[in-house]
Amino acid sequence: DTAIEDGLEALVRMTTIARLKGAEQIVAVATSAVREAANGADFLARVRAQTGLEVRLLSGEQEALLIHRAVREVVDLDRGRSLVIDIGGGSTEWIASADGRVETAVSLPLGSLRLAAELRSAPPTAAALRRLEQRIAAEIKRLPTAPPAELVVATSGTAACVADLADLAAGRESANTPRGLREVRWKELQALIERLSRLRRREIAALPPVGEPRSESILPGAILLARLLEKAGADRFQVSDRALRDGLVLETLGQAAPLATSQQHLRRRQVQRLAERAPAVLRHGEQTAKLAGRLFDLLTSVHGLGEREREWLEHAARLHDLGYLVRYAEHHKHSYYLIVNAELDAFDPREIAIIAHVARFHRGSEPRPAKHPTFAALDRWQRDTVVRLAALLRVAAALDRTHASRVSELYATIRKRRVTIEVLSPFDVAVELKSAHEKAEFFAATFGRKLELRQGFEAAEGAGD
């Protein structure tokens with residue numbers, strides 16, 4: 001009765017807030033706790049009566065597929081054998097796929113909170129740990145045998161907390177890698193389990209990533225994760241912040257799952273993989289792509305290009321400093337060479353030529369047929385596109401001259417013969433503005449408008465001191 005009242009109170013509060021905020025649609029789903037409760041149907045009836053919500057009771061397989069849908073949005077699961085593990089409080093979802101196609105979606109009645117009942121003391125006794133291991137082993141036997149997974153992705157709170165604890169033990173900052181993932185190795189997980197097994201409950205709660213609410217469940221959750229990793233035949237796993245909620249949002253918005261054959265999906269992934277080969281400039285490439293896209297949108301009436309050209313510009317921006325892989329000197333020329341020789345088979349050769357040339361001309365001399373043979377070999381429409389996109393890319397790259405992602409937003413005022421860019425940042429961006437001003441001549445020659453840039457509305461750091 002207490003659990004039902006608490007659940008109803010929470011749902012009434014959330015639906016009231018949502019409606020006051022103007023929400024037109026409220027979606028609610030129920031998972032293992034309601035799925036397995038003897039009075040689960042009664043609870044859902046009371047929810048409907050008191051809140052008007054039609055709660056969707058998910059099967060274990062439906063829950064697993066939504067989780068896979070969420071992870072697949074941000075992680076490449078379309079090549080090779082992948083495994084997604086989601087350890088919740090009451091159940092664990094195991095989703096195995098090959099080349100993006102789900103082969104197995106199993107919901108195990110194992111969860112960090114459910115297993116916490118086996119460990120009634122902290123540190124736990126040897127007998128209690130033995131019982132916990134036996135219970136986990138009995139359920140894992142249900143999982144089908146399959147070849148080892150090449151990529152294991154763990155989601156939800158237990159996995160994130162394990163990653164935070166591993167970072168803490170190693171003295172690493174908890175920061176996402178370029179794919180939004182963090183890696184935890186087997187030896188780190190085992191060391192963490194051994195450490196937690198020796199601590200009292202209050203000592204576990206005092207660890208910064210844990211806190212009181214998770215202090216009982218983190219050890220059994222970590223042990224469960226270790227046994228699932230053994231079953232997968234993997235010596236490490238990646239942690240993603242995407243899970244059931246994200247999959248539910250995507251499904252509700254009607255966004256179909258990306259297919260391995262989706263051309264747009266493949267194009268983004270191929271460019272991202274290529275960009276990740278130069279991790280030292282990956283952040284700069286992402287910031288430049290963001291600024292280039294914003295400039296493109298602000299100046300549509302100036303450059304007269306469309307959506308396909310915007311895509312080419314963003315790809316070129318992500319890859320423009322790829323040449324650092326070879327050497328700093330003349331890296332723009334090396335960027336061109338690496339792009340045209342990369343495995344970008346989702347692109348038409350003419351598109352690759354444009355992207356490579358835009359990246360090549362992000363710095364150095366301006367593109368001229370008489371001086372640059374590869375540029376001269378392009379069709380007239382390709383050359384025109386390269387010149388316009390390169391003019392935008394030069395400004396965008398200059399606005400991240402320090403590679404510190406200091407610029408937060410751009411706005412533009414367009415006059416007949418002048419374009420003024422307001423550069424918003426809470427920091428002093430004098431270096432970025434100076435660098436961008438140096439690109440103004442090429443911009444003016446390309447678009448017939450003088451370019452001015454100035455720091456906009458946000459106060460620079462230290463202003464007024």
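This briefing walks through the chain from its overall make-up to its sheets, its helices and two individual residues. The model is a predicted one. Its chain has 465 residues, of which 48% are buried, and it holds 21 helices and 11 strands. Along the principal axes, the C-alpha atoms fill a box of roughly 80 × 50 × 50 Å. Among contacts with a separation of 6 or more, 69% are between residues 24 or more positions apart.

**The sheet of six strands**

- Reading across this open sheet, the order is β5-β4-β3-β6-β8-β7, and the pairing is mixed.
- The edges belong to β5 (101-108) and β7; each has a single partner strand, so one side of each is left without a neighbour in the sheet.
- On average, and ignoring direction, neighbouring strands here are turned by 25° against each other.
- Strand β3 (residues 81-87) runs antiparallel to strand β4 (residues 92-98), and 7 bridges join the two. If you want a spot to look at in this pair, Leu83 stands opposite Ala96 in β4.
- Helix α10 (residues 218-232) packs on this sheet and touches β3, β4, β5, β6 (151-155) and β8. The direction of α10 makes about 165° with that of β3.
- At the β7 end, strand β7 (residues 182-185) is antiparallel to strand β8 (residues 236-240), with 4 bridges between them. Within this pair, Arg182 stands opposite Val239 in β8.
- Side chains alternate along β7: Arg182 and Val184 point to one face and are buried, whereas Glu183 and Arg185 point to the other and are not.

**The sheet of three strands**

- A second open sheet has 3 strands in the order β9-β10-β11, again with mixed pairing.
- Both β9 (409-414) and β11 (450-455) are edge strands with a single partner strand each, so one side of each has no neighbour in the sheet.
- From one strand to the next, the twist averages 20°.
- The pairing of β9 with strand β10 (residues 418-424) is antiparallel and spans 6 bridges. There, Ala412 stands opposite Ile421 in β10.
- Helix α20 (residues 430-437) lies across β10 and β11, and runs at about 180° to β11.

**Helix α21 and its two sides**

- Ala440, Phe442, Phe443 and Phe447 are the buried residues of helix α21 (residues 440-447).
- These residues cover an arc of only 160° around the axis, which puts them on the same side of α21.
- Glu441 and Ala445, on the other side of α21, are exposed.
- The cover over the buried residues of α21 includes α14 (300-303), α19 (380-398), β10, α20 and β11.
- Just after α21 comes Gly448, which has a positive phi near 70°.

**Helices α17 and α19**

- Helix α17 (residues 349-360) packs against α19 at an angle of about 35°, and the two axes are 8 Å apart.
- The crossing of these two helices, α17 and α19, is right-handed.
- On the α17 side, the residues that meet α19 are Arg350, Ala353, Ile354, His357, Val358 and Ala359.
- Their counterparts in α19 are Trp381, Gln382, Thr385, Val386, Leu389, Ala390 and Leu393.

**A closer look at Glu309**

- Glu309 sits in helix α15 (residues 307-319).
- Is Glu309 buried or exposed? With 9% relative accessibility, Glu309 counts as buried, because the cut-off for buried is under 20%.
- The Glu309 side chain reaches the backbone nitrogen of Gly306 at 2.9 Å.
- Setting aside residues up to four places away in sequence, Glu309 touches Phe296, Thr385 and Leu389. Thr385 and Leu389 also appear among the α19 residues that α17 meets.

**A closer look at Ser215**

- Where is Ser215 found? It is in the loop between α9 (201-206) and α10.
- Ser215 is buried, with a relative accessible area of 2%.
- What does the side chain of Ser215 reach? It reaches the backbone oxygen of Glu212, at 2.8 Å.
- Beyond its neighbours within four places in sequence, Ser215 is in contact with Arg201, Ile204, Ala205 and Val210.
- For a sense of distance, Ser215 and Ala278 are 63 residues apart in sequence and 40 Å apart in space, C-alpha to C-alpha.

Technical notes: Residues numbered from 1 in each chain as written. Heavy atoms only, no water. Buried < 20%, exposed > 50% of the residue type's maximum accessible area, 1.4 Å probe, protein only. Polar contact = N/O pair within 3.5 Å; in protein donor to acceptor, adjacent residues only side chain to side chain. Contact = heavy atoms within 4.5 Å. Pairing = 2+ DSSP bridges. Axes fitted to C-alpha atoms, helices over the stretch in contact; angles between N-to-C directions. Arc of directions from axis to C-beta. Left-handed = near helix turned anticlockwise from the far one by under 90°.
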